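Q: I am new to this structure and would like a close look at one part of it, the aromatic rings and their neighbours. Could you walk me through it?

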Amino acid sequence: MNLRVLGIETSCDETAVALYDGQQGLLGHLVHSQIDLHREYGGVVPELASRDHIRKTLPLIQALLAQTGISAASISTVAYTAGPGLIGALLVGAAIGRSLAFAWGVPAIAIHHMEGHLLAPLMQEPRPDFPFIALLVSGGHTMLVRVEGVGRYEIIGDTLDDAAGEAFDKTAKLLGLDYPGGPALARLAEQGDVSRFQFPRPMTDRPGLDFSFSGLKTFALNTLQREGSDDQTRADIAAAFQRAVVDTFVIKCRRALEQTGIRQLVIAGGVSANQELRRGLEKLAHKIGGRLFYPPLEFCTDNGAMIAYAGYLRAHAGYREPLAFTGRPRWPLAELDAI
Ligand code: KG4
Ligand code: ZN
């Protein structure tokens with residue numbers, strides 16, 4: 001039987017839905033961003049996020065069905081993000097996803113948000129074969145993962161403090177940029193002289209694959225206080241910060257590939273939209289005879305397509321789960337069931 005999966009993503013500040021079909025691939029996807037809602041607070045306000053998901057999720061699903069001309073009766077599985085994320089926001093997607101599945105008489109599958117990011121690069125050609133190394137870099141997570149198959153994840157590197165996206169966002173805030181700061185900092189860095197300041201490459205002088213990014217933000221603050229905050233200095237700090245993050249990832253990814261003997265590297269999650277990071281890792285892949293894979297820009301940041309696709313892969317493998325639902329604000333990726 002052909003599988004057609006509705007995916008629902010509401011873990012943070014995007015309401016996103018998508019339809020993935022086993023034969024035709026991605027049929028359509030829609031994202032409603034809450035950026036305007038949270039901007040004046042300088043970050044995501046969890047309760048406002050949940051309330052907005054309540055308002056937007058069903059109309060977005062209706063718009064998706066209308067746009068794709070797909071009837072609800074042809075949907076065979078509902079996949080929704082069950083964690084990690086903001087518990088109130090997760091509960092909205094879970095309640096709606098479970099209710100629709102119950103009403104339509106089809107199974108519902110709880111998806112791990114980071115598994116969605118991790119599998120997004122497999123949605124289109126060229127796709128990596130298993131095993132590969134994945135660098136997952138989002139607002140809440142920074143991980144190096146050895147991926148043997150769907151649900152077969154070994155975390156080989158993790159962050160001891162801030163996630164990469166969080167470091168971008170916090171540093172952007174210091175530089176007076178609006179939330180969400182990552183893309184704004186990357187734009188500012190284009191105007192900067194990358195050689196004026198030399199930021200540290202944290203944890204690269206010792207063995208291991210873990211990360212620590214909180215020191216970079218402090219380094220940026222100290223530089224700002226010492227050098228002043230004129231436009232050129234802010235741009236130079238942005239460029240130096242970004243270069244330090246990219247270099248750190250290049251060093252650690254190289255180490256991970258060399259240690260495992262694997263030559264395929266995948267990057268995913270919001271920070272994989274960063275052009276400098278892509279360039280740095282492309283160069284590394286070229287140098288060591290490996291290959292880099294990343295999703296199209298629209299599937300780097302939060303989206304429904306990655307959830308529908310992860311749901312499709314799990315449903316296709318016969319994965320089923322009981323009706324009971326648990327929202328998991330914290331959910332270690334390595335605890336997923338292999339399929
Ligand atoms: O994956 P994502 O959309 O949401 C989470 O799961 O967290 O990632 C969002 C993060 C934010 O921290 C945002 O600033 C960062 O990704 N980000 C970027 C860029 N685009 C998004 N960071 C650096 N450069 C970018 N171009
Ligand atoms: Zn995400």
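To start with, which residue lies over the face of Tyr319, and at what distance from the ring centre?

A: Happy to help! Keep in mind that this is a predicted model. The residue over the face of Tyr319 is Arg314, at 4.8 Å from the ring centre. There is another arrangement of this kind to look at: Lys252 lies over the face of Phe211, at 5.5 Å from the centre of that ring.

Now for rings that meet other rings. Searching the whole structure turns up eight aromatic pairs. One of them joins Tyr20 and Tyr312: the ring centres are 5.1 Å apart and the planes stand at 40°, so this pair is tilted. Tyr20 belongs to strand β2 (residues 14-21) and Tyr312 to helix α10 (residues 305-316), so the pair ties together parts that lie 292 residues apart in sequence. Both partners are tucked away: Tyr20 is buried at 9% relative accessibility, and Tyr312 is buried with a relative accessible area of 11%. Tyr309 joins them too, as ring pairs link Tyr20, Tyr309 and Tyr312 into a cluster.

Another pair to find is Phe130 with Phe132. Here the centres are 5.6 Å apart and the planes are at 20°, so the pair is stacked, since planes under 30 degrees apart count that way. Its two members sit in unlike surroundings: Phe130 is partly exposed at 35% relative accessibility, whereas Phe132 is buried at 0%.

Terms used: Residues are numbered from 1 along each chain as its sequence is written. Chains are lettered from A and ligands numbered from 1 in the order in which they are written. This is a predicted model: local features need pLDDT of at least 70, side-chain atom pairs count only at pLDDT 80 or more; totals for chains, interfaces and linings use all residues. Side-chain values use heavy atoms; hydrogens and water are left out. Rings of Phe, Tyr and Trp (its six-membered ring) pair if their centres lie within 6.5 Å; planes under 30 degrees apart count as stacked, over 60 as edge-to-face and the rest as tilted. Helices (H or I, at least four residues) and strands (E, at least two) are DSSP runs, numbered from the N terminus. Buried means under 20% relative accessible area, exposed over 50%, partly exposed in between (1.4 Å probe, protein chains only). A charge sits over a ring if NZ of Lys or CZ of Arg is within 6 Å of the ring centre and within 35 degrees of the ring normal.
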